[in-house]
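Trainee: Got a minute to go through this one with me? I'd like to start with the packing and then move to the sheet.

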Amino acid sequence: MIKSIEIKNFKSIKKKYFDLRNLNILLGLNGQGKSSFIQALLLLRQSDKLALNGELKLNDGLTGLVNLGTSKDVFYQYADEEVMSFILQFTDEKKADELLFNYEIGSDVIKQLTNELPNKYLVENEEEALFTSNFQYLNAQRVEPKLINITSQSNVVDKRSIGKYGQYTAHFIELFANEEIFFDNLLHKHSSVLDSVTGKKIVNKTLINQINLWLGEISPGVNVRTTQVGSDVVLLEYVFKQPNYGNTNRFKPENVGFGISYALHVVTALLSSRPGQLIIIENPESHIHPRGQAELGKLIALTAQNDVQIVIESHSDHILNGIRVAVKENIIDKDDVKAFYFKKVVDASEQYSSIEDIEIDKNGTLSKYPENLLDEWSNQLSKLI
């Protein structure tokens, strides 16, 4: 787990020390630097030659994690020195090490300022989730709802990944539907079912059952159906519970709407989490009704209460408030949650991201309420009165 990271001269982040927790929430208006923080983590992850020869790989192709252009695109424009740095510290480490990188005009590879290669610090931490397959990243631009979905042995089976766009979610569900989820605190309150043979109640912990129950908080009665067709295609469909008749006919995702499919990726990523995993999700609230967003905030908090580290970027009051309620209801410990509010500062000589740390107390109260954080609802209401 990443205990802290200090970023200097990367994109709009001039210099900032991030004291990270299990659950880290990135907040702020558009274009204020939230994505820059996530891109810094993705950049370190995708630079597979970093430990070997000290190189940051800015671009990772069409299907890679992130494509950032050249050094001009990633170095802070107004830096007083042509050096970019990351100071990483993982859990239980006694000290953090600084990774320094040089500015080379027009290059798509940035080299580390050190003569000590391979990088001993990174080699020692190569089992951390940031660098292993115990990692899940969901981009804000997720795959559109569709009946026919691709498969990927290397991503789904070997890496247990649903893909940065959620493009392998259907394949993941098809393969692991009957696998029990790892963390019992993620079990939905309606997980108990009556065994028709013994007449006793049993808890259905399977991934598919939990996905359906949690999706039901977003769209009541919905159930997922996957069917593998051949070796490289999985069909994804939905049915809805129908009293006295079991279920409706199957519906194509295109005929159900974006909200359920977008939520499916997020719910699957959270419910399939494993100990020590790092999960990064951009805009988990996309296309989801406010009530569903609040429930999703609760599920995010439940997941982070385990040995799982989550970073979310969100514009949703409902996601944040769902997490705040989870803190108040002791679903997650207040010390395991932290928010960071990003705001662009523009003065005569430079502009950069100013980032405020926000704690949440045991009552769900925020330690700070920066302008534009939670006031738009009351702003609009005041115009109606």
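Mentor: This is a predicted model, and we'll take the cores, a helix, one glutamate and a sheet in turn.

Trainee: Fine. How many residues are in the largest nonpolar core?

Mentor: It has 60 residues. Those with the most contacts inside it are Leu 23, Ile 25, Ile 211, Leu 215, Val 224, Leu 271 and Ile 310.

Trainee: Which helix gives the largest share of this core?

Mentor: Helix α8, residues 258-271, with 8 residues. Apart from that core lies another, of 42 residues, among them Leu 41, Val 74, Val 311 and Phe 340.

Trainee: Back to α8. Why call α8 largely enclosed by the rest of the structure?

Mentor: Because 13 of its 14 residues are buried. As for its length, α8 reaches 20 Å from its first C-alpha to its last, close to the 20 Å expected at 1.5 Å a residue.

Trainee: And what does Val 224 touch?

Mentor: Leaving out residues up to four places away in sequence, Val 224 touches Ile 173, Ile 208, Ile 211, Asn 212, Leu 215, Leu 236, Glu 237, Tyr 238 and Leu 264.

Trainee: A glutamate in that list. Is Glu 237 buried or exposed?

Mentor: Buried: its relative accessible area is 14%, and the cut-off is under 20%. Glu 237 lies in strand β13, residues 233-242.

Trainee: What does its side chain make a polar contact with?

Mentor: With the side chain of Arg 250, at 3.0 Å. On the same terms as for Val 224, with residues up to four places away not counted, Glu 237 touches Leu 147, Asn 223, Val 224, Arg 225, Arg 250, Phe 251 and Pro 253.

Trainee: Right, the sheet. In what order do the 6 strands come?

Mentor: The order is β8-β15-β16-β3-β17-β18, in an open sheet with mixed pairing. β8 (135-138) and β18 (351-358) are the edge strands, each pairing on one side only. From one strand to the next, the twist averages 15°.

Trainee: How many bridges join β3 to β16?

Mentor: There are 4, between residues 23-27 of β3 and residues 308-313 of β16, and the two strands run parallel. For instance, Leu 26 has Glu 313 as its bridge partner in β16.

Trainee: Which helix lies across both β3 and β16?

Mentor: Helix α9, residues 290-304, does, running at about 150° to β16. Helix α10, residues 317-328, lies across β3, β16 and β17 (337-346), at about 145° to β3.

Conventions:
Residues are numbered from 1 along each chain as its sequence is written. This is a predicted model: local features need pLDDT of at least 70, side-chain atom pairs count only at pLDDT 80 or more; totals for chains, interfaces and linings use all residues. Side-chain values use heavy atoms; hydrogens and water are left out. A nonpolar core is a set of buried Ala, Val, Leu, Ile, Met, Phe, Trp, Tyr and Cys residues joined through side-chain atoms within 4.5 Å. Buried means under 20% relative accessible area, exposed over 50%, partly exposed in between (1.4 Å probe, protein chains only). Contact means heavy atoms within 4.5 Å. Two strands pair if DSSP finds at least two bridges between them. Axes are lines fitted to C-alpha atoms, for helices over the stretch in contact, and angles run from 0 to 180 degrees between N-to-C directions. The expected span of a helix is 1.5 Å times one less than its number of residues. A polar contact is a pair of N or O atoms within 3.5 Å; within protein, one must be able to donate a hydrogen and the other to accept it, and residues adjacent in sequence count only if both atoms are side-chain atoms.
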